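Thanks for coming, everyone. I'd like to walk you through a few spots in one model, so have a look at the screen and then we'll start with a pocket.

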Amino acid sequence: MAWLSLLFVCGLVGIDSGFGLSAFGTEPDRPKPNIVFLFADDQCTYSLGCYGNPDVQTPNMDQLAREGVLFDNHYNTTAICMASRANVFTGMVEYKTGCNFGHGNMRKDVWQKSYPVLLRKAGYLTAFAGKFGIVVDGKGLCEDDFDFWGGGPGQTNYATAKNKSMRKYAQKYPHSTLSYAAFGQDVIREAAEKNQPFCLSISFKAPHKPATPDPRFDAVYAGKKFTKPANFGREFAAHLSPQSKLGRQYPRFTEWLYDSDYDGEMAKYHQQVHGIDVALGMIREELQRQGIADNTVVIYTSDNGYICGAHGYGSKVLPMEESSRAPLMIYDPRSPLNGKQIRCQRLTGNIDFMPTMLELAGVEIPQEVDGKSLLGLLHEPERGGHQQLPFINVFGPLPTHSLSCVTREYKYTYWWYGDDEIQPVEELFDTENDPLELVNLATDPKSAELLQSMRKRYDRELAKWRQHAVSYNDYERYGRLFDRNVPLSEKQSLISR
């Protein structure tokens, strides 16, 4: 079954449209397209049938992939809730948003150039439901910047009745996942009545822990046995950096019972994803009922992936494929690729959604945005995409903080931290041919030329950090901590802060 496990992990994405797509982006003789942006929380690629897992039931996600474009090389530039959501709202990488757990909130001036604010100024009805994920200084959750509000603070709750803005849905949909679909249906109906373009953003809590599946779907995976990925377990962690084992991800392999009850844990996880799949179906059905499906773009993705026992780790945050990559499917009814089951292999990132939505609406993309519109890839999937992307972790214990450089084929990480027991190390993986990340090429003399090339790419990413990092919320010091050419002894004053 090794081939099956390989399919679980093979999936990456890329952006950089390379050209504007006014041809089917903002035609003057037709109304602006509606936008539905659906955002799961902690969903990995191997939780979907369309990414090669026959053990799961995700018919609506699979249909979206068949009808639109599925992206196989899609990365989150930061793989944790708060920072990833800031990336999505603004189209900028973390050190420019200045926003993450342990660092600080988003500044108001940054938020003012987010996609919800800019789309509303352009005449869109804006709606948000679910886990907002960030706080904006002086504005809180920014409820006033939306025409329809179903969002909540912090992690929100799986019990609909405990989410203040969603209580009216609690009787019919006591579990929050389907309540968000009901909210979406209401927004779609009202927007259709007003004949006004809308942007509906739903941020599901599922499948984030604590695992709390909707009991109405208990039968879906009852007694199910799940195939483990071929890199499952601690025996596949020996070649990974000691720094990556110093955070909470390593002990969660046993704390979250992946080692002792894999089937039970994955049944709950996949059941939560199945609930989102049903919600997706409800939303698309409402678009059809209102007669606006042929002018509505649907984007489905997740704020990060999830490790689920690969290499003997759990959770997310770390640069390994299971954590940094996420599913992405886009359906634009005007795309010439629809129904052709196209899998785009270009490199894309979560910073791309904001410029994509702005291009759809015909809104100018702010100069400081790092992402690129994905619309070109819905026309020519083999042209465009990023040449490289950063993957950032400055969350959790300092030894686990790192910067990675990702291309379509390779991933390089510099683990800068060292002490009396461990030294800085490098990781280099051929993610195209070794998606399970079983061989660290950084220690292979035959890969010396490739290593030097990826080091140079990494250095370019770090140079951008130094140039553009915000001067607040403790981002500037990483320009030196992550520097490969600065001895560890010269970083001590920055470590003790």
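Let's begin with what surrounds the largest pocket: its lining residues divide into 6 nonpolar, 4 polar and 5 charged. Before going further, please keep in mind that this is a predicted model.

So how much space lies in that largest pocket? About 260 Å³. A set of 15 residues lines the pocket, and those nearest its centre are Asp370, His386, Gln388, Glu461 and Lys464. Which elements give two or more residues to this lining? They are α4, at 94–97, together with β11 and α12. Helix α12 contributes the largest share, with 3 residues.

Let me stay with one of those central residues, Glu461. You'll find Glu461 in helix α12, which covers residues 448–468. Is Glu461 buried or exposed? Because its relative accessible area is 3%, under the 20% cut-off, Glu461 counts as buried. As for its company, leaving aside residues up to four places away in sequence, Glu461 touches Tyr95, Gln388, Leu389, Pro390, Leu403 and Cys405. Gln388 is a name you have just heard, since that residue is also among those nearest the centre of the largest pocket.

Some of those contacts take us to a sheet. Leu389 and Pro390, both touched by Glu461, fall within the range of strand β11, 389–393. Leu403 and Cys405, on the same contact list, fall within strand β12, residues 402–406.

Now the sheet itself. It is open, with 4 strands in the order β11-β12-β13-β14, and the pairing is antiparallel. At the edges sit β11 and β14 (425–430), each of which pairs on one side only. On average, neighbouring strands here are turned by 15° against each other, ignoring direction. If you zoom in on β12 and β13 (residues 410–415), you can follow 4 bridges in the antiparallel sense. One place to look is Ser404, whose bridge partner in β13 is Thr413.

Finally, let's turn to the second largest pocket, with about 210 Å³ of space. Here too 15 residues make up the lining, and Gln63, Glu67, Arg284, Glu285 and Gln288 are the ones nearest the centre. At least two lining residues come from each of α2 (59–67), α9 (262–289) and β7 (296–302). Which of them gives the most? That is α9, with 6 residues. By class, this lining has 6 nonpolar, 5 polar and 4 charged residues.

That's my tour, and I'm happy to take questions.

How values were computed. Residues are numbered from 1 along each chain as its sequence is written. This is a predicted model: local features need pLDDT of at least 70, side-chain atom pairs count only at pLDDT 80 or more; totals for chains, interfaces and linings use all residues. Side-chain values use heavy atoms; hydrogens and water are left out. Buried means under 20% relative accessible area, exposed over 50%, partly exposed in between (1.4 Å probe, protein chains only). Contact means heavy atoms within 4.5 Å. Two strands pair if DSSP finds at least two bridges between them. Axes are lines fitted to C-alpha atoms, for helices over the stretch in contact, and angles run from 0 to 180 degrees between N-to-C directions. On a 1 Å grid over the protein atoms alone, a cavity is a set of points where a 1.4 Å probe fits but cannot get out, and a pocket is an open set with protein on both sides within 12 Å along at least five of seven lines; lining residues have an atom within 4 Å of a point. Grid points are joined across faces, edges and corners, and a volume is the space filled by probe spheres set on the points. Ala, Val, Leu, Ile, Met, Phe, Trp, Tyr, Cys and Pro count as nonpolar, Asp, Glu, Lys and Arg as charged, and the others, Gly among them, as polar.
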